[in-house]
Amino acid sequence: MKTTERIRQQVLRFVAAVAVMLAAVPQAGAQTPADWEKFDGDIVLYMANDLGRNGYYEQKPVAELMGRVAEVKGPEFIIAAGDIHHFEGVASVDDPLWMTNFELIYSHPELMLDWNPILGNHEYRGNTQAVLDYSKVSRRWEMPARYYTRTVSEDGTTLRVVFIDTTPLISKYREESDKYPDASKQDNAAQLAWLDATLKDAKEDWVIVVGHHPIYADTEKDDVERQDMQRQLLPIFRKYGNVAIYACGHIHNFQHIRMQGDSTDYIVNTSGSLARPVKPTTGTVFCAGEEGFSVISATKKQLNFFMLDKTGKVLHTVTKTK
């Protein structure tokens with residue numbers, strides 16, 4: 001059987017399986033569209049990450065919830081903070097995982113808009129360049145570089161999202177070249193110099209930095225991950241003091257951490273599939289081991305980060321004011 005025909009049949013079987021899954025999904029009864037009106041702001045964004053499990057482990061129900069919420073308060077764009085593909089990344093722009101992890105899962109009409117992704121550690125197990133090159137295939141996949149920035153201006157409110165590439169910043173990934181072949185090839189000094197210059201010039205009302213790995217978090221993952229992140233990123237953040245929120249994924253649960261004397265709020269956005277348990281750690285304001293996604297809402301004087309579980313219920317809100 002030709003490769004294209006085999007892929008076509010795989011996709012058709014997958015579509016049939018998803019239809020069965022959707023028929024069994026209960027409607028989100030914990031919240032109603034009226035409850036989601038509170039997400040209103042001059043600028044609205046969504047954040048999702050740790051997604052790619054072929055629709056399983058709550059991925060498809062969470063994706064459908066994102067669409068229903070977007071019917072009420074649609075985002076300017078969606079932040080996709082890494083690990084869109086488990087477990088070995090993608091091989092090419094033609095990999096069937098693009099269909100089964102992304103295109104056929106996030107298929108709601110209201111989600112047919114820009115997705116701004118970054119690379120996670122699972123993307124680094126595969127062909128990272130293919131993740132960038134998929135921008136030439138999909139109209140909604142907007143990834144101009146491994147690290148980049150995007151600004152939004154609406155009704156007098158300005159917001160900048162700074163997307164960074166965190167896997168190469170962590171020594172263990174650079175050292176495991178057999179598993180993460182592209183990590184050691186990246187120029188960390190160039191990325192950190194770019195981040196410094198970007199934050200220096202950032203004059204927007206709000207600045208959010210998005211990476212895949214946490215700076216602070218409760219996790220059983222290697223301590224070196226947070227240590228490397230703290231060592232390289234915190235001096236730049238503190239130099240300019242204009243990062244309202246650092247938001248990441250990787251840990252598969254919700255966490256909000258606020259460190260004494262630090263003006264940045266540190267947020268772990270939960271996974272879009274397969275959440276994990278969590279417990280408080282130093283600086284924990286809130287934590288929960290639930291699947292879901294987050295809605296970011298900004299006005300000139302207030303920035304909100306709403307954490308939604310898979311029923312659409314707001315579990316916690318991070319609020320910054322001026």
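This passage describes selected features of a predicted model, beginning with a sheet and moving on to a strand, a helix, two side chains and some backbone conformations.

In the predicted model, six strands make up an open sheet of mixed pairing, arranged in the order β3-β2-β1-β11-β12-β13. The edges of this sheet are occupied by β3 (115-117) and β13 (314-321), and because each of these strands has a single partner, one side of each is left without a neighbour in the sheet. Direction ignored, neighbouring strands of the sheet are turned by 20° against each other on average. Strand β1 (residues 43-48) and strand β11 (residues 292-298) run antiparallel and are joined by five bridges, and within this pairing Val44 has Ser297 of β11 as its bridge partner. Helix α3 (residues 59-72) packs on the sheet, where it touches β1, β2 (78-80), β3, β11 and β12 (302-309), and the direction of α3 makes about 25° with that of β11.

A further set of pairings involves strand β6 (206-210). Strand β5 (residues 157-163) runs parallel to β6, and five bridges join the two; in this pairing, Leu159 stands opposite Trp206 of β6. Strands β6 and β7 also run parallel, joined by three bridges, and Val210 has Ala247 as its bridge partner in β7. In a regular strand, side chains alternate between the two faces of the sheet. In β6, Trp206, Ile208 and Val210 point one way, whereas Val207 and Val209 point the other way, and all of these residues are buried. Since five of the five residues of β6 are buried, the strand is largely enclosed by the rest of the structure.

Helix α8 (residues 223-240) contains 18 residues and reaches 26 Å from its first C-alpha to its last, which is close to the 26 Å expected at 1.5 Å a residue. Within α8, a kink of about 35° lies at Leu233, shortly before the proline Pro235. The buried residues of the helix are Glu225, Arg226, Asp228, Met229, Gln232, Leu233, Leu234, Ile236 and Phe237. An α-helix has 3.6 residues a turn, so residues three or four places apart point the same way. The elements against which the buried residues of α8 pack are the helices α6 (171-175) and α7 (188-201), together with the strands β6, β7 (245-248) and β9 (265-268). Just after α8, Gly241 takes a positive phi of about 60°.

Two side chains, those of His256 and Lys320, make polar contacts with the side chain of Asp265. His256 is found in strand β8 (residues 254-257), and because its relative accessibility is 1%, under the 20% limit, it counts as buried. The polar contact between the side chains of His256 and Asp265 is 2.6 Å, and a polar contact of 2.9 Å joins the side chain of His256 to that of His316. Leaving aside residues up to four places away in sequence, the residues touched by His256 include Tyr266, Ile267, Phe286, Met307 and Val318, as well as Asp265 and His316.

Lys320 lies in strand β13, and at a relative accessible area of 12% this lysine is buried. The polar contact between the side chains of Lys320 and Asp265 is 2.5 Å, while the side chain of Lys320 also reaches the backbone oxygen of Ser263 at 2.7 Å. Among the residues touched by Lys320, not counting those up to four places away in sequence, are Trp206, Ala244, Thr264, Lys301, Gln302 and Leu303, in addition to Ser263 and Asp265.

Several backbone conformations in loops complete the description. The peptide bond from His86 to Phe87 is cis, with omega near 5°, and Phe87 is found in the loop between β2 and α4 (97-103). In the loop between β1 and α3, which contains Asn54 and Glu58, both residues take positive phi values although neither is a glycine. For Asn54, phi is near 55° and the relative accessible area of 28% places the residue among those that are partly exposed. For Glu58, phi is about 75° and the relative accessibility is 29%, so that Glu58 likewise counts as partly exposed.

Notes. Residues are numbered from 1 along each chain as its sequence is written. This is a predicted model: local features need pLDDT of at least 70, side-chain atom pairs count only at pLDDT 80 or more; totals for chains, interfaces and linings use all residues. Side-chain values use heavy atoms; hydrogens and water are left out. Helices (H or I, at least four residues) and strands (E, at least two) are DSSP runs, numbered from the N terminus. Buried means under 20% relative accessible area, exposed over 50%, partly exposed in between (1.4 Å probe, protein chains only). A polar contact is a pair of N or O atoms within 3.5 Å; within protein, one must be able to donate a hydrogen and the other to accept it, and residues adjacent in sequence count only if both atoms are side-chain atoms. Contact means heavy atoms within 4.5 Å. Two strands pair if DSSP finds at least two bridges between them. Axes are lines fitted to C-alpha atoms, for helices over the stretch in contact, and angles run from 0 to 180 degrees between N-to-C directions. The expected span of a helix is 1.5 Å times one less than its number of residues. The bend at a residue is the angle between axes fitted to the seven residues ending there and the seven starting there.
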